[in-house]
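Me: Could you walk me through the labels on this one? I'd like to hear what stands behind each of them.

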Amino acid sequence: MTNQTDFEVIIIGGSYAGLSAAMTLGRALRQVLIIDSGEPCNKQVPHAHNLLTRDGEPPAEIAAKAREQVLSYPTIHLINAKAAAVIKHNGGFLLNTASGEKFSSKKILLATGVVDLMPDITGFAACWGVSAAQCPYCHGYETSNTKIGVLGNGDAGFEFAKLINNWTNDLTLFTNGQSTLTAEQAAKLKAHHITIAEAEIESIEQEGGQIKNFVLKNGSTFPLTTLFARVQFKHSTAIAQDLGCELTEAGLIKTDAFQKTTIQGVFAAGDNSNLIRSLAAAIAAGGTAGGLINHELVNDDF
Ligand SMILES: Cc1cc2nc3c(=O)[nH]c(=O)nc-3n(C[C@H](O)[C@H](O)[C@H](O)COP(=O)(O)OP(=O)(O)OC[C@H]3O[C@@H](n4cnc5c(N)ncnc54)[C@H](O)[C@@H]3O)c2cc1C
C-alpha cells in the first residue's frame with residue numbers, strides 16, 4: 001500500500017516481467033509503483049520448468065519470493081489493483097485503476113502478459129497448465145515416452161507434431177475435424193509412426209486437471225498423459241492500443257530490442273510483446289526494460 005500518487009515509473013503487471021523490471025529500477029533508486037491484478041497466465045501450473053536455479057518449483061512460490069525481494073527496495077511500491085486506463089499528460093502519464101485510484105508517472109511499463117483463450121472442448125480448461133500445455137521445453141521432459149497428443153491441423157499442426165515427436169514414440173495428432181495436412185505431410189507423419197486422428201473431439205476426460213482419455217465424436221477413445229496445444233490469446237487490457245502502441249502481425253505489442261514501444265515513454269516486456277513465452281524470457285525482457293527506462297530518465301534529466 002502507498003499514499004504516494006506520483007512516481008517516476010508505473011509498472012502495470014507485477015509478475016515475472018514486471019517484478020524483474022522493478023528490481024532493476026529499485027537498484028537504480030527509482031520511485032516505482034507496481035499495479036498488479038494477480039492473474040498470471042501460469043496460475044494453474046503446479047510446477048514450472050526450465051528456469052535455472054528454480055527448475056520444478058511451483059510458479060506461485062517463485063513469484064512470491066521475487067515479490068518479497070523486490071519489495072525490500074524502499075522506493076518500490078505495489079498495489080493489488082487493476083489498471084483501467086492510462087492517458088498522456090504533461091509529458092508523462094495519468095493512470096486510473098478500476099477502483100478509482102489515480103496515479104501519475106514519467107514512464108509506463110506494460111508487463112501485462114496475455115490471456116490464453118481456451119478452445120470450446122469440455123475438460124480442456126481444467127487441464128491447461130496441469131496436463132495440457134503449449135511448450136515442450138517447459139512440460140515435455142516429465143512425460144517423455146508416454147502417450148502424448150498434439151491438437152492442431154494443417155501446416156501448424158504438422159510443425160507442432162514434428163517438434164513434439166522428439167519427446168515420445170507414441171504420438172497422436174488430433175486434427176479435430178477433417179485433416180488439412182498435405183498428402184506429403186501426412187505421409188511424413190505416418191513414416192514417423194505418428195497417428196492422425198481426424199474425428200471431431202467430443203471431450204477430454206480428466207481428474208483434477210490430469211488427462212485420462214481423449215474422447216472423439218466417432219466413439220473412439222485415446223488414453224493420454226499430456227496434450228500439447230497452441231491456443232489463441234488476447235491482451236489482458238487495451239491500454240497499449242489506447243495509448244497508440246503499434247502491434248506486430250502476431251498481435252503482440254511492438255517493441256525494439258530495448259523494450260521501447262512505438263510510443264515515447266511507454267515500454268513493454270514479457271508475454272505481451274514476445275513470441276517466446278517463458279519465465280526466463282520474461283525476466284530477461286523485464287530486466288532490459290528496467291535498465292533502459294532508467295537510462296531514459298537519466299537522459300531526460302541532463
Ligand atoms: C500453461 C502454462 C505453463 C507454463 N509453464 C512454464 C514453465 O514451466 N516454464 C517457463 O519458463 N514458462 C512457462 N510458462 C510461460 C510463463 O508462465 C510466462 O512466459 C510468464 O508467466 C510471462 O510473464 P509475464 O510477466 O509477461 O506475464 P504473466 O506472468 O502472465 O503476468 C502478467 C501480470 O499482469 C497482470 N495484469 C494484466 N493486466 C493488468 C492490469 N490491467 N492491471 C494490473 N495488472 C494487470 C496480471 O494479473 C498478471 O499478474 C507457462 C505458461 C502457461 C500458460
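Me: What makes S12-S13-S14 an open sheet with edge strands?
Reply: The three strands come in the order S12-S13-S14, paired antiparallel. Strand S12 (201-207) and strand S14 (221-223) each pair on one side only, and that makes them the edges. Mind you, this is a predicted model: local features need pLDDT of at least 70, side-chain atom pairs count only at pLDDT 80 or more, and totals for chains, interfaces and linings use all residues. Numbering starts from 1 along each chain as its sequence is written.

Me: How do you know that S12 and S13 pair?
Reply: Two strands pair if DSSP finds at least two bridges between them. Six bridges join S12 to strand S13 (residues 210-216), running antiparallel, so by the cut-off of at least two bridges they pair. Across that pairing, Glu205 stands opposite Asn213 in S13. Strands here are DSSP runs of E, at least two residues long, and helices are runs of H or I, at least four, numbered from the N terminus.

Me: How much are neighbouring strands of this sheet turned against each other?
Reply: By 20° on average, direction ignored. The axes are lines fitted to C-alpha atoms, with angles from 0 to 180 degrees between N-to-C directions.

Me: Why is Leu19 called buried?
Reply: The label needs 20 or more other C-beta atoms within 10 Å of the residue's own (12 or fewer is exposed, in between is partly exposed; C-beta atoms are placed from the backbone). Leu19 has 29, so it is buried. Leu19 is found in helix H1 (residues 16-27).

Me: Which residues is Leu19 in contact with, leaving aside its neighbours within four places in sequence?
Reply: Gly14, Ala66, Arg67, Val70 and Gly286. Contact means C-beta atoms, placed from the backbone, within 7 Å. Arg67 is 48 residues away in sequence, yet 6.7 Å from Leu19, C-alpha to C-alpha.

Me: Why do you say where the ligand lies relative to the domains?
Reply: Domain 1 (6-116 + 232-301) and domain 2 (124-229) both give residues to its shell, so the ligand lies between them. Those bounds come from an automatic or database domain assignment. The domain centres, over C-alpha atoms, are 33 Å apart, and the contact takes 10 residues from domain 1 and eight residues from domain 2.

Me: What surrounds the ligand?
Reply: 40 residues, the closest being Gly13, Ser15, Gly113, Cys138 and Gly270. A residue counts as near if its C-beta atom, placed from the backbone, lies within 6 Å. H1, strand S2 (32-36) and helix H8 (279-301) each supply at least two residues of that shell.

Definitions and conventions
Contact = placed C-beta atoms within 7 Å.
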